[in-house]
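User: I'd like to go through the labels on this one and hear what earns each of them. Can we take them in turn?

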Amino acid sequence: MTFIEVEQRKSVIEISGRLAGYEKDQYFVASVPNSETSLDRMKMLQRKMI
């Protein structure tokens, strides 16, 4: 991953980033509900990635 940005909006959290590829970088955007459950899941996944 070469770039990641997290932006909190009214009812969602928007995550955008760039993944380095062999021939071409891949870009992504994901929106998740702005809720306690979603935040807990993202924190859990972040710990697994480290």
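User: What makes Met 1 count as exposed?

Analyst: Its relative accessible area is 56%. Buried means under 20%, exposed means over 50%, and partly exposed is in between, with a 1.4 Å probe and protein chains only. Met 1 clears the upper cut-off, so it's exposed. Bear in mind that this is a predicted model: local features need pLDDT of at least 70, side-chain atom pairs count only at pLDDT 80 or more, and totals for chains, interfaces and linings use all residues. Residues are numbered from 1 along each chain as its sequence is written, and side-chain values use heavy atoms, leaving out hydrogens and water.

User: Where does Met 1 lie?

Analyst: In the segment before β1, which covers residues 3-8. Helices (H or I, at least four residues) and strands (E, at least two) are DSSP runs, numbered from the N terminus.

User: Which residues form the nonpolar patch on the surface, and what makes a patch?

Analyst: Met 1, Ile 4, Val 6, Leu 19 and Met 49, with about 540 Å² of accessible area together. A patch takes residues with over 30% relative accessible area and no salt bridge; like charges are joined within 9 Å, and nonpolar side chains (Val, Leu, Ile, Met, Phe, Trp, Tyr) within 5 Å. The areas come from the Shrake-Rupley method with a 1.4 Å probe, and for residues only the protein chains shown count as cover.

User: How do you know whether Val 6 is buried or exposed?

Analyst: Val 6 has a relative accessible area of 57%, so by the cut-off it's exposed. Val 6 lies in strand β1 and touches Ile 13, Glu 14 and Ile 15, not counting residues up to four places away in sequence. Contact here means heavy atoms within 4.5 Å. Val 6 and Gly 21 are 15 residues apart in sequence, with 21 Å between their C-alpha atoms.

User: What about Val 29: buried or exposed?

Analyst: Exposed, because its relative accessible area is 60%. Val 29 sits in strand β3, residues 26-33. Skipping residues up to four places away in sequence, Val 29 touches Glu 14, Ile 15 and Ser 16. Met 44 is 15 residues from Val 29 in sequence and 20 Å from it in space, C-alpha to C-alpha.

User: And what is Ser 16 called, buried or exposed?

Analyst: Buried: Ser 16 has 16% relative accessibility, and that falls under the lower cut-off. Ser 16 has its place in strand β2. Leaving out residues up to four places away in sequence, Ser 16 touches Phe 3, Ile 4, Glu 5, Phe 28 and Val 29.

User: Why is Tyr 27 called exposed?

Analyst: Because its relative accessible area comes to 61%, which is above the upper cut-off. Tyr 27 is in strand β3. Apart from neighbours within four places in sequence, Tyr 27 is in contact with Gly 17 and Arg 18.

User: How many salt bridges does a search of the whole structure find, and what makes a pair count?

Analyst: Three. Side chains of opposite charge can pair when their charged atoms come close. The cut-off used is a side-chain nitrogen of Lys or Arg within 4 Å of a carboxyl oxygen of Asp or Glu. Arg 9 and Glu 7 meet at 3.5 Å, N to O, and so do Glu 14 and Arg 9. Arg 18 and Asp 25 meet at 3.6 Å, N to O. These values fall inside the limit, so each pair qualifies. Through shared partners, Glu 7, Arg 9 and Glu 14 join into one network.

User: How exposed are Arg 9 and Glu 14?

Analyst: Arg 9 is partly exposed at 40%, and Glu 14 is partly exposed at 24%. Both values sit between the two cut-offs.

User: What makes the largest pocket a pocket, and how much space lies in it?

Analyst: About 370 Å³. Of its 13 lining residues, Ile 4, Val 6, Ile 15, Met 42 and Gln 46 are the closest to its centre. The elements giving two or more residues to the lining are β1, β2 (12-19), β3 and α1 (36-49), and α1 gives the most, six. On a 1 Å grid over the protein atoms alone, a pocket is an open set of points with protein on both sides within 12 Å along at least five of seven lines, whereas in a cavity a 1.4 Å probe fits but cannot get out; lining residues have an atom within 4 Å of a point. The volume is the space filled by probe spheres set on the points, which are joined across faces, edges and corners.
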